Amino acid sequence: MVSEQGFSHFSRRSFLAGAAATVGAAALAACGGSGPASGNGNVTLRWAMWSASADERAVWADLANDVHKAYPNITVNLETASFNDYFDKLQTQIASGTQSDIVSMQSLRMPGFAARHAMQSLQPFIAKDPSVNPGDFFPSISDGLSFKKELYAFGYDVGPLLLYYNKDLFKAAGVDLPDPNKPMTWDDFRQRCIKLSRPDSQQYGYVIQPGLDSFVPWLWSGGGDYMDDGETTCTLDTTDSKASIQFMVDLILKDKAAAPITDLSNTQFQSERFFSGKVGMMIDGPWQFVNVRSNAKFDWDIAPVPAGKAGSVTWVAGSGFGLSNATKYPDEAWKALSVITSKASLDKVAKSGRGYPARQSSVPAFVNPGVKPEHVDTVLKILSGDIAKTRFFRTTTTWQETEVMLTQEFSPVFLGQRSVDDTVARVKPKFDDLLKKHQSIINQ
Amino acid sequence: MADTTVIEPLTPSHHAPRRTRRGLNERKEGWVALFFLLPNSLGFFVFSAFPIIAAFVLSFYDWDLLLGARFNGITNYLQLFSDDVFRSALLNTVYFVVVSVPLTVVIGLAVAVLVNQPLRGMAFFRSVFLLPYITLTVAIALVWKWLYLPDVGLINQVLGVFGIHGPAWLTDPIWAMPGVILLSIWKSFGYNMVLFLAGLQGIPQNLYEAASIDGATRWQRFRYVTLPLLSPVTFFVVVISTIGSFQVFDQALVMTQGGPGVATTTLVLYIYQVGFQSYHMGYASAIALVLFAIVFAFTLIQFWFQRHLVTYE
């Protein structure tokens with residue numbers, strides 16, 4: 001009946017209600033995310049990676065395509081997110097069992113995730129397929145991506161933190177360019193910063209990203225450290241550590257030779273200031289080459305980090321790709337992994353400037369005459385220990401929480417709102433606590 | 001008397017429970033009602049009730065999402081007492097609520113009174129004032145971050161015109177929270193304005209006329225006619241604004257990440273840091289429960305006020 005009253009009223013309403021409920025249920029199901037498709041031998045794998053620009057993403061998409069060319073039955077779908085979001089997402093994905101088959105991992109975060117069974121050891125796969133040639137990788141990156149002596153990921157890049165400088169700004173201010181083969185002293189660095197700075201026009205000699213990562217080279221070069229080798233005690237309260245922090249604080253606040261921190265929630269604060277052309281130097285890794293090339297409208301080059309009491313000491317870290325502990329297609333994922341970390345792939349990564357290759361055999365591909373930076377061989381000289389010392393950036397299984405705590409406690413110091421002594425006194429008990437938790441996790 | 005007709009009253013037995021057309025309808029309409037309620041109640045249970053109960057249970061565990069959950073009783077709650085960041089977050093949130101709610105309500109009411117006038121172009125102004133409310137907080141926060149920049153930001157430049165040297169807003173521990181509050185007031189007063197507008201338009205005109213005849217001034221008319229009759233709306237606006245303000249998060253995350261230090265770390269931001277950056281789901285749940293208890297208590301207090309201050313016609 002299609003009249004306007006009685007039962008037909010009811011049947012039309014209930015039809016609408018039923019339809020709405022069905023659509024709602026379907027939408028809920030779709031929210032759950034699509035699982036890997038397979039059937040008739042074709043396998044679709046998911047590969048999650050962080051990316052800060054379309055240029056970067058293109059590099060990885062290219063490698064994903066290469067997998068399909070090498071193994072037509074395997075398709076790799078690339079999922080990207082910003083660097084910070086990537087790790088937040090990864091944790092929740094692992095908890096809900098929806099993480100990708102190929103997991104990208106940074107050496108700094110490997111202990112945390114490996115200890116919590118997020119990825120699986122690659123040793124059994126390497127034993128069956130030694131053609132991947134794990135010995136080709138730089139030892140420091142293989143160390144960084146191992147946990148309890150087993151390799152969990154193949155590196156794609158390895159990088160020491162180095163000093164980027166704006167050649168045009170130096171020349172305009174009449175300051176000598178940094179020597180690419182000899183690190184300058186802290187005094188020399190400070191003098192150059194002062195000469196480069198014109199605070200009235202927001203021009204400064206140096207910019208630092210608020211946070212621990214960018215500060216560690218200063219900490220180490222000054223003879224200090226954030227924790228001891230045994231990973232049980234915080235060592236930020238030593239005289240050398242405090243002196244390094246004080247040096248940077250004075251540079252920003254007293255000498256006004258380094259950019260004041262004006263933005264606490266921008267992870268690109270340092271790079272953005274450098275790209276604006278109003279900052280003489282910044283410390284970052286070779287992974288920024290691709291971004292600096294497209295964003296810096298000035299002539300630039302690289303040099304080793306300034307040498308403090310303990311020389312020029314910088315950290316080495318890198319990232320790589322591994323297999324999730326819960327992948328349904330370990331063999332196909334291994335095949336895909338071996339393609340994207342092969343020499344050919346890393347040659348491409350090196351050529352694009354996205355990263356200094358983790359494979360020693362791909363290093364020649366990184367050197368592109370005519371492409372900035374001119375002194376790209378500085379990277380190899382630093383890595384090999386010729387002109388500077390490198391140490392691997394060790395982190396703990398509680399590093400995420402440690403970084404949150406350090407960011408909270410350190411921003412007032414660089415803003416001049418709390419003294420170095422007070423800050424370190426507050427940080428030490430919290431850091432020690434986190435190291436205790438770390439020890440209990442790795443000794444489980 | 002042979003022709004008297006006796007009219008028998010209808011006894012209930014004549015209406016024995018037969019399946020009448022009307023009874024069937026009622027039962028079927030009952031099912032229809034259930035169907036209509038189903039999507040919403042399903043959503044409520046799946047996305048609200050169940051997570052709240054789960055959070056309550058979780059608060060007695062220690063869980064980092066990847067390793068198993070370990071029961072640790074009331075340790076999480078006890079830890080709150082010695083956690084100085086939690087203390088700061090609590091104070092910051094109360095500071096935020098106590099300052100922003102009255103201001104947002106008062107400004108909303110004032111603007112509503114202004115745009116309630118029968119002048120041309122009022123519709124335009126009403127839309128304009130509502131615009132910040134319907135814009136994404138994240139987008140607004142990003143723009144305001146630029147406005148607050150110490151040397152080149154617009155706010156300090158304008159202050160400079162009046163000879164005032166503006167502070168380094170978002171990196172100054174004293175001015176960071178006022179900066180966040182200012183943004184929040186600007187963003188939310190539009191919603192209150194709309195609610196108050198509806199309330200104002202529900203006040204009968206004859207009351208104003210009667211008051212004018214009795215010689216009441218504009219202020220007296222406002223105080224003795226408008227405000228009392230607006231009290232149900234005011235009550236609603238204050239309750240909703242308070243509950244919303246306790247959950248301030250987007251602005252703090254986007255503009256300052258809770259800094260400098262912990263000056264703008266609010267309770268919800270702290271929950272996010274503890275739960276999703278440090279991966280202590282149990283502890284984060286405990287903090288969330290505490291927040292829930294506080295908001296609940298505030299709301300109960302406001303309902304108590306309602307009995308005494310709100311006049312319904």
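Biologist: Before we start, what counts as a helix or a strand here?

Modeller: Helices are DSSP runs of H or I with at least four residues, and strands are runs of E with at least two, each numbered from the N terminus. Please keep in mind that this is a predicted model.

Biologist: OK, and how many helices and strands are there in chain A?

Modeller: Chain A has 18 helices and 13 strands. Its C-alpha trace spans about 90 × 60 × 50 Å along the principal axes, and of its 444 residues, 46% are buried.

Biologist: How much of chain A reaches a pLDDT of 70 or more?

Modeller: In chain A 91% of the residues reach 70 or more, and the mean pLDDT of the chain is 86.

Biologist: And where is the pLDDT below 50?

Modeller: One such stretch is residues 1-10 of chain A, which has seven contacts in the model beyond near neighbours in sequence. Residues 29-36 of chain A also stay under 50, and for them the model has six contacts beyond four places in sequence. Where pLDDT is low, the predicted coordinates should not be read in detail.

Biologist: Switching topic, which domains does the assignment give for chain A?

Modeller: The assignment gives domain 1, made of 38-158 + 318-366, and domain 2, made of 162-317 + 380-442. The C-alpha centres of these two domains of chain A lie 29 Å apart.

Biologist: How many residues of each are in contact?

Modeller: In chain A, 24 residues of domain 1 are in contact with 20 residues of domain 2. On the domain 1 side, α2 (54-70), α4 (110-115), α6 (139-144) and β7 (153-160) of chain A are the elements that give two or more residues. That side of domain 1 of chain A divides into seven nonpolar, 11 polar and six charged residues.

Biologist: What about strand β2 of chain A, is it covered or exposed?

Modeller: Strand β2 of chain A, residues 42-50, is mostly covered, since seven of its nine residues are buried. β2(A) pairs in the parallel sense with β3 of chain A, residues 74-81, over eight bridges, and within that pairing A:Trp50 stands opposite A:Ala81 in β3(A).

Biologist: And which strands make up the open sheet of four?

Modeller: The order of that open sheet is β9-β10-β8-β11 of chain A, with mixed pairing. Its edge strands are β9 (204-206) and β11 (300-303) of chain A, each of which pairs on one side only. On average, and with direction ignored, neighbouring strands of this sheet are turned by 25° against each other.

Biologist: How do β8 and β11 of chain A run?

Modeller: They run antiparallel, and four bridges join β8, residues 162-166 of chain A, to β11(A). For A:Asn166, the bridge partner in β11(A) is A:Trp300.

Biologist: Which strands does helix α8 of chain A lie across?

Modeller: Helix α8 of chain A, residues 186-196, lies across β9 and β10 (279-284) of chain A, and runs at about 155° to β9(A).

Biologist: There's a residue I'd like to place: where is A:Asp179 found?

Modeller: A:Asp179 is found in the loop between α7 (167-173) and α8 of chain A. A:Asp179 and A:Pro304 are 125 residues apart in sequence, and from C-alpha to C-alpha they are 8.3 Å apart in space.

Biologist: Why does A:Asp179 count as partly exposed?

Modeller: A:Asp179 counts as partly exposed because it has 14 C-beta neighbours inside 10 Å, while a buried residue would need 20 or more and an exposed one would have 12 or fewer.

Biologist: Now chain B, which domains does the assignment give there?

Modeller: For chain B the assignment gives domain 1 (19-71) and domain 2 (80-309). Their centres, taken over C-alpha atoms, are separated by 31 Å, and the contact takes nine residues from domain 1 of chain B and eight residues from domain 2 of chain B. On the side of domain 1 of chain B that touches domain 2 of chain B, α1 and β1 (61-62) of chain B each give two or more residues.

Biologist: Last one, how many residues does each chain bring to the contact between A and B?

Modeller: Chain B brings 31 residues and chain A brings 30 residues. On the chain B side, α1 (21-58), α10 (250-255) and α11 (267-277) of chain B each supply at least two residues, and the largest share, seven residues, comes from α1(B). By class, this side of chain B has 18 nonpolar, nine polar and four charged residues.

Technical notes: Residues numbered from 1 in each chain as written. Chains lettered and ligands numbered in written order. Predicted model: local features only at pLDDT ≥ 70, side-chain atom pairs only at ≥ 80, totals over all residues. Contact = placed C-beta atoms within 7 Å. Nonpolar A, V, L, I, M, F, W, Y, C, P; charged D, E, K, R; others polar. Domains from an automatic or database assignment. pLDDT = per-residue confidence, 0-100. Pairing = 2+ DSSP bridges. Axes fitted to C-alpha atoms, helices over the stretch in contact; angles between N-to-C directions.
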